[in-house]
Each structure stands twice: as structure tokens, then as C-alpha cells.
Amino acid sequence: MTAGLLLLMGCWIAYTQNQKAPAKLTLNKVKDDLYEIEGDGGNVAVYVTSEGVILIDDKFEQDHDAIVENVKTVTSQPVKYVITTHHHNDHSGGNVGFIGSVEIISTANARQNIVEHKQPGTPASLTPARVVFTKECSVFLGGKEVRATYYGRGHTNGDAMIYFPALRTIHTGDLMAGTSPLIDYNGGGSVVEWTKTLDEALRLDFDTVIPGHGKVTDKPGLLAYRNNVEKLRSRASGLIHEGKSQEEIGKILMAEFGWNANSLQMQWSLPGMMTELR
């Protein structure tokens, strides 16, 4: 099993865990005034402007203070906006620490998924955005733009793709994460629509990719991930139409795509694919 998949499994398993102490976070420079914070939950993008900071995602609730401290190492400007890529607790759990002083933005579906507790086991404190959009919105701060677009279903039904036009960089949320996709069917995800969603995003002019989990990569890396989603869908569809059982298909996907028997892919993705691809 690859290190990337092990990392991703650890993050996804943590979806439903209430950790007692935050993990160590690491801040890395991506380009110019753009940084990303790795560790614990999903990757956080930090965009520094002369009028304040724009964050993309904010990990778990217990990571709030560590995120703020990391931001302070690169700027004295306060956080002004948080754009949430989707509703999962490892990407939106920190909202509760920011909601009093920061404007939080997400897709309408991501907000609704938090309100309706679509993710099992999340804390009662999980806080939805106060500002939502259905197709696209932009934040302009300090002469810089961050653009959030909903291209369609994939990991969930509310995934926002975040674009930093001046830096030719995107933050994918979990539309790219680890080495193999997790389709959250309870949250409206779709393995069929996922590749179509990424095809739209790939039309953007960018060369750098901050994934939801894992190391910063590039456009060819995202294309390879998109093709792996298609490969997974085609393989699962073929097996379903051959009449294979869910148990049989699960064993094959574990062998060929590195899934683990106790992974959320087996718990969330496989049962949903059995219905969607039938």
C-alpha cells in the first residue's frame, strides 16, 4: 500500500473521530503569497493580501488555534474569509472557531449537508456557512481574487473548486485526494459525474494543484487522478454487469486499487456504486 493511500485512509478514518489533541501542522509556501497547511484534516490554503487573509478549508475544530498560529508566521493580517470546499468535518470543522469574526462561504449544497447532518458522527458544533452560492462566486481582497466554482457532483454534491487566477493554481478539495476516490453517496456523490466535473475544472488555466489530501502537484497529476476515477468506474461497472456480488467486487477493488477492507471506500463508495452503476 502506498504512503499516499495510508495518509488518506488515516484522514478519512478521522472523519468520525473526536480527537482529544490536535496534530502537528506544517505550513509550506506554494507561490508568492499562497501557502498551504498540511497535517490532521484536509489541506488548508492560505492566501495573504494587504487587507486580510483568505483561507480555503479549516480542518477539524481542534485545529483552529494551530491554523491561526501558522498564519501569523507569514502575516500580521487577520483571516477575513474562509471558503469551504465541502461539508466533511476534516475540511469544515474549524468553521466554529471562525464564525464570529470571519465570513464563511460554501456551495448551497455543502451548507445543506451540514444542516442535515449528512456525515455520520460529526460533532454538534459543526457550523455551516452563512454565505452560499450555486454556481460561482469570487472574493476580492487586497487587489487579489479567489474564485470558487461548482462544476457538478463528485466526492459529494457540493464540492467547490477553488481557483487563484493570478497564480494559476487551484485547490480541489477532495475532488482530488490521495490515490483513489472516495464517493460519499449519502452526501450526494457520484462516480459517474466525477470525471465530468474534473473535465470542466481542467479547462482552467493552471499549473499547480493543492489537493484535499496529499502533496501539492500539477495539472498532469490532476489529469492522472481523473483517469484513475474513470478506470475505477469502468472496472466496477464491468464487474457489476458480469453479475459479480458486492463482496466479490470489493475484493477485486481492494487488490487493484489499494482499498482496505475497513476503508470508507468499502463502507461508503462500494454500496453506492452497486446501485449507481447497475
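Me: What share of the 278 residues in the chain is made up of buried residues?

Reply: Buried residues account for 56% of the 278 residues. Bear in mind that this is a predicted model. The chain has 9 helices and 13 strands.

Me: What makes the chain as compact as a globular protein of that length?

Reply: Its radius of gyration is 18 Å, and the globule rule gives 19 Å for 278 residues; the two values are close, so the chain counts as compact in that sense. If you want the extents, the C-alpha trace spans about 60 × 40 × 35 Å along its principal axes.

Me: How much area does the chain expose, and what share do carbon and sulfur atoms supply?

Reply: About 11,100 Å² is exposed, with 50% of it supplied by carbon and sulfur atoms. As for contacts between residues at least 6 apart in sequence, 65% join residues at least 24 apart.

Me: Why is the pair Lys 215 and Glu 38 called a salt bridge?

Reply: The closest N and O atoms of Lys 215 and Glu 38 are 2.9 Å apart. The cut-off is within 4 Å, between a side-chain nitrogen of Lys or Arg and a carboxyl oxygen of Asp or Glu, so the pair qualifies. Lys 215 sits in the loop between strands S12 and S13 while Glu 38 belongs to strand S2, so the salt bridge ties together parts that are 177 residues apart in sequence.

Me: Is each partner buried or exposed, and how do you know that?

Reply: Lys 215 has 61% relative accessibility, and exposed means over 50%, so Lys 215 counts as exposed. Glu 38 has 13%, and buried means under 20%, so Glu 38 is buried.

Me: What makes Arg 168 and Asp 205 a salt bridge?

Reply: Their closest N and O atoms are 2.8 Å apart, and the limit is within 4 Å, so this pair passes as well. It links distant parts of the chain, 37 residues apart: Arg 168 is in the loop between S10 and S11, and Asp 205 is in the loop between H6 and S12. Arg 168 is at 32% relative accessibility and Asp 205 is at 45%. Partly exposed runs between 20% and 50%, so the label fits Arg 168 and Asp 205.

Me: How far apart in helix H6 are Glu 193 and Lys 196?

Reply: They are 3 residues apart, which means about one helical turn separates them. Their closest N and O atoms are 3.4 Å apart, and they form a salt bridge. Glu 193, at 27%, is partly exposed, and Lys 196, at 46%, is partly exposed too. On a wider view, salt bridges that share partners join Lys 31, Arg 168, Asp 205 and Asp 207 into one network. A search of the whole structure finds 16 salt bridges.

Me: Which residues touch the most other members of the largest nonpolar core?

Reply: Of its 31 residues, Ile 170, Phe 206, Leu 222, Leu 253, Trp 259, Leu 270 and Met 273 do. S10, H6, H7, H8 and H9 each give two or more residues to this core. H7 provides the largest share, 7 residues.

Me: What is Leu 222 in contact with, leaving aside neighbours within four places in sequence?

Reply: Its contacts include Ile 170, Met 176, Leu 198, Phe 206 and Val 209. There is also a second, separate core of 20 residues, which includes Val 139, Leu 141, Leu 167 and Ile 210.

Key:
Residues numbered from 1 in each chain as written. Predicted model: local features only at pLDDT ≥ 70, side-chain atom pairs only at ≥ 80, totals over all residues. Heavy atoms only, no water. Helix = DSSP H or I, 4+ residues; strand = E, 2+ residues; numbered from the N terminus. Buried < 20%, exposed > 50% of the residue type's maximum accessible area, 1.4 Å probe, protein only. Core = buried A, V, L, I, M, F, W, Y, C linked by side-chain atoms within 4.5 Å. Contact = heavy atoms within 4.5 Å. Rg over C-alpha atoms; globule rule 2.2 N^0.38 Å. Areas by Shrake-Rupley, 256 points an atom, 1.4 Å probe, with all protein chains shown as cover.
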